[in-house]
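Open the model in your viewer and switch on the cartoon display. The stops below go from the whole chain to single residues.

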Amino acid sequence: IPLLERSDLRREINPLTYDKVTSDGVDILHSDVETNGIHYVEVHFRPRGIKEDEIPVISFYTKLLSLVDTKKHTYQEFTTEVNKYTGGVDANIRVFSRVDQKPVFTFFTKMKMLFENEDKAVELMLEMLFDSVYSDEKRVKDLLLQEKAQMEGMMQSSGHSAAALRAGSYFTDAANFGDKPS
């Protein structure tokens with residue numbers, strides 16, 4: 001098996017190149033990288049007026065997005081459509097930390113698809129974001145219990161990670177955000 005030496009590695013970093021376009025007041029970053037026909041899309045926006053104690057609730061709702069019915073599909077049908085036309089659609093919250101500044105809380109959704117499925121994939125992402133239905137209380141309760149079980153399992157199997165996250169929460173606002181239950 002060939003081994004690398006430190007001298008085999010370049011010290012220079014390849015710069016990330018992208019084009020910035022503004023459309024209807026929205027900044028769009030496009031990176032022209034060969035992806036073998038796969039299109040990657042990530043959409044970020046900053047919600048306004050969110051209180052810190054609401055963050056865990058928002059995090060849970062983002063996890064529900066692709067797991068509940070929409071106005072057009074049951075959650076099983078929606079999952080089938082997503083699997084048929086995309087390589088996955090995901091939504092979550094993220095915090096970006098800058099030196100000497102407060103952390104920036106963002107909501108994001110991302111997906112990947114073949115170029116020929118782009119229109120249908122975007123349609124599904126918009127359906128997930130704007131047409132999800134949370135009125136099935138039994139389904140939401142089941143998903144909440146499932147999330148609770150996953151969190152308990154993570155604590156049991158990776159307690160050291162939880163402890164490191166808690167320790168970091170005392171040093172930075174961004175780590176404190178990550179320590180909130182979601």
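Helices and strands here are runs assigned by DSSP, with at least four residues for a helix and at least two for a strand, and they are numbered from the N terminus. Keep in mind that this is a predicted model.

**Stop 1: the whole chain**

Colour the chain by secondary structure. You should find 6 helices and 5 strands. Followed from the N terminus, the elements come in the order β-β-β-α-α-β-β-α-α-α-α. The C-alpha atoms fill a box of roughly 60 × 45 × 45 Å along the principal axes.

Now show the surface. The chain exposes about 13600 Å², and carbon and sulfur atoms supply 54% of that area. Of the 182 residues, 23% count as buried. Among contacts with a separation of 6 or more, 65% are between residues 24 or more positions apart.

**Stop 2: the hairpin**

Select residues 19–23, which are strand 1, and 26–30, which are strand 2. In what sense do strand 1 and strand 2 pair? The pairing is antiparallel, over 5 bridges. For one example, pick V21 in the viewer and look across to strand 2, where its bridge partner is I28.

Next, look at the turn. The two strands form a hairpin with 2 residues between them. D24 lies in this turn and has a positive phi of about 50°.

**Stop 3: the largest pocket**

Keep I28 selected and add L29, H30, E42 and H44. Of the 33 residues that line the largest pocket, these five lie nearest its centre. The elements that give two or more residues to the lining are strand 1, strand 2, strand 3 (38–45) and strand 5 (104–114). Which strand gives the most to the lining? Select strand 3, which supplies 8 residues.

The volume of the largest pocket is about 1500 Å³. Colour the lining by residue type, and it divides into 14 nonpolar, 11 polar and 8 charged residues.

**Stop 4: M151**

Select residues 137–157, which make up helix 4, and find M151 within this helix. Is M151 buried, exposed or partly exposed? Its relative accessible area is 33%. Buried means under 20% and exposed means over 50%, so M151 counts as partly exposed.

To finish, add I13 to the selection and draw a distance between the C-alpha atoms of I13 and M151. The two residues are 138 residues apart in sequence and 37 Å apart in space.

Technical notes:
Residues are numbered from 1 along each chain as its sequence is written. This is a predicted model: local features need pLDDT of at least 70, side-chain atom pairs count only at pLDDT 80 or more; totals for chains, interfaces and linings use all residues. Side-chain values use heavy atoms; hydrogens and water are left out. On a 1 Å grid over the protein atoms alone, a cavity is a set of points where a 1.4 Å probe fits but cannot get out, and a pocket is an open set with protein on both sides within 12 Å along at least five of seven lines; lining residues have an atom within 4 Å of a point. Grid points are joined across faces, edges and corners, and a volume is the space filled by probe spheres set on the points. Ala, Val, Leu, Ile, Met, Phe, Trp, Tyr, Cys and Pro count as nonpolar, Asp, Glu, Lys and Arg as charged, and the others, Gly among them, as polar. Two strands pair if DSSP finds at least two bridges between them. Buried means under 20% relative accessible area, exposed over 50%, partly exposed in between (1.4 Å probe, protein chains only). Contact means heavy atoms within 4.5 Å. Accessible areas come from the Shrake-Rupley method with a 1.4 Å probe; for residues, only the protein chains shown count as cover.
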